[in-house]
Amino acid sequence: MLLSDRPRVLYQRAPAHEVICQLRFPTILSINNVEPADFQDTIRETFPQYARRQEVPPAVPGTQAQPVANYHFLSEDGRWKLNLTKDFIALSTLRYPGWEEFAHHLDKPLAAFIQLYKPAYFQRVGLRYVNVFSRTRLGLEGTPWRELFAPVYTGPLQEEPEDRLQGWGCDMTLQLDSSCRAKVHAGLGRLQVKNAPQQDQEAKFILDLDLSMGGNLPCTMAAGALETLHIHGGHLFEGAITDRLREALEPTAPQ
């Protein structure tokens, strides 16, 4: 079963490498043309660092792409980043503390954005969990991946020796309910850290869950949509891991 009914728990050794939430809306040109000073005033206490970057999107054949302003707001410790463009608002972190705190960091910026810019609706609400599992970190050296993940995610690892597979991945798209779907990637990989003097050579298992809800969603339903996606993400995550891995992650409390 791809989805598990097991309640998701908070893990002491959680594998979340990056968590990203993005809400897309019909283009608001004023965001691209005028720096969001009023928006910054409402969130500056939590996101005091600011930068503006001009990004050029891929050009459509026969047209010339126009630069897009991407406003970056960072927390003092750099753990949290908020992005605002004419088409989306997004929150991301490389140190996921659990859903409750993540949602709390989004509450005020999202409310301020809706109040100041009055988007007509949200075209897409997305929530992405990039999980990276290190056997060394979890004390599972020598344990085959096939004993840690469900067979649907390990494919040829069920029969082939791991050292024979130089690279392997599994990709699928799932319809979770009438409005939600998930793009799932699972496979082996190595994390590359920019400008690091020495790169980590350990092969890790990556479970990338990209969940989304489409349609013209009223702004008042954004928080509920994200909660729904979070619940679906929990069912997918729990359905992917085995009891052996679950124990190594050290579950503590419902999440």
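In the predicted model, Ser 75 is found in the loop that runs between strand S4 and strand S5, the latter spanning residues 80–84. Although this residue belongs to a loop, Ser 75 counts as buried, because its relative accessibility is 5% and thus under the 20% limit. A polar atom of the Ser 75 side chain lies 3.2 Å from the backbone nitrogen of Arg 79. When neighbours within four places in sequence are set aside, the contacts of Ser 75 are with Thr 46, Phe 47, Pro 48, Gln 49 and Trp 80.

Strand S4 itself, which covers residues 68–74, contains Phe 73. With a relative accessibility of 0%, Phe 73 counts as buried. Beyond its neighbours within four places in sequence, Phe 73 is in contact with Pro 36, Phe 39, Gln 40, Ile 43, Phe 47, Gln 49 and Tyr 50, and also with Trp 80, Lys 81, Leu 82 and Leu 84. Of these partners, Gln 49 stands 24 residues away from Phe 73 along the chain, yet the C-alpha atoms of the two residues are separated by 5.5 Å. Phe 47, Gln 49 and Trp 80 appear among the contacts of Phe 73, and they are likewise found among the contacts of Ser 75.

A further buried position is provided by Ser 212, whose place is in strand S10, residues 204–217. The relative accessibility of Ser 212 is 8%, so this residue counts as buried under the 20% limit. Apart from its neighbours within four places in sequence, Ser 212 is in contact with Arg 124, Val 125 and Gly 126, with Ser 179, Cys 180 and Arg 181, and with Leu 229. Strand S7 comprises residues 122–133, and the contacts of Ser 212 with Arg 124, Val 125 and Gly 126 therefore link strand S10 to strand S7, given the residue ranges assigned to these elements.

Two loop residues other than glycine have positive phi values. Lys 118, found in the loop between helix H3 (99–117) and strand S7, has a phi near 50°. Because its relative accessibility reaches 62%, and so lies over the 50% limit, Lys 118 counts as exposed. Glu 250, for which phi is near 60°, is found in the loop between helix H6 (243–248) and strand S11 (251–254). At a relative accessibility of 35%, Glu 250 counts as partly exposed, since this value falls between the limits of 20% and 50%.

At the level of the whole chain, the protein has six helices and eleven strands. Its radius of gyration is 20 Å, close to the 18 Å that the globule rule gives for 255 residues, and the protein is therefore as compact as a globular protein of that length. Taken along the principal axes, the box filled by the C-alpha atoms is roughly 55 × 40 × 40 Å. Buried residues make up 44% of the 255 residues of the protein. Among contacts between residues at least 6 apart in sequence, 67% join residues that are at least 24 apart, and the contact between Phe 73 and Gln 49, residues 24 apart along the chain, is one of this kind.

The accessible surface of the protein comes to about 13,700 Å², and carbon and sulfur atoms account for 50% of this area. The charged side chains comprise 26 positive and 30 negative groups, with the centres of the two sets lying 4 Å apart.

Definitions and conventions
Residues numbered from 1 in each chain as written. Predicted model: local features only at pLDDT ≥ 70, side-chain atom pairs only at ≥ 80, totals over all residues. Heavy atoms only, no water. Helix = DSSP H or I, 4+ residues; strand = E, 2+ residues; numbered from the N terminus. Rg over C-alpha atoms; globule rule 2.2 N^0.38 Å. Buried < 20%, exposed > 50% of the residue type's maximum accessible area, 1.4 Å probe, protein only. Contact = heavy atoms within 4.5 Å. Areas by Shrake-Rupley, 256 points an atom, 1.4 Å probe, with all protein chains shown as cover. Lys, Arg positive; Asp, Glu negative; His and termini not counted. Charge placed at Lys NZ, Arg CZ, Asp CG, Glu CD. Polar contact = N/O pair within 3.5 Å; in protein donor to acceptor, adjacent residues only side chain to side chain.
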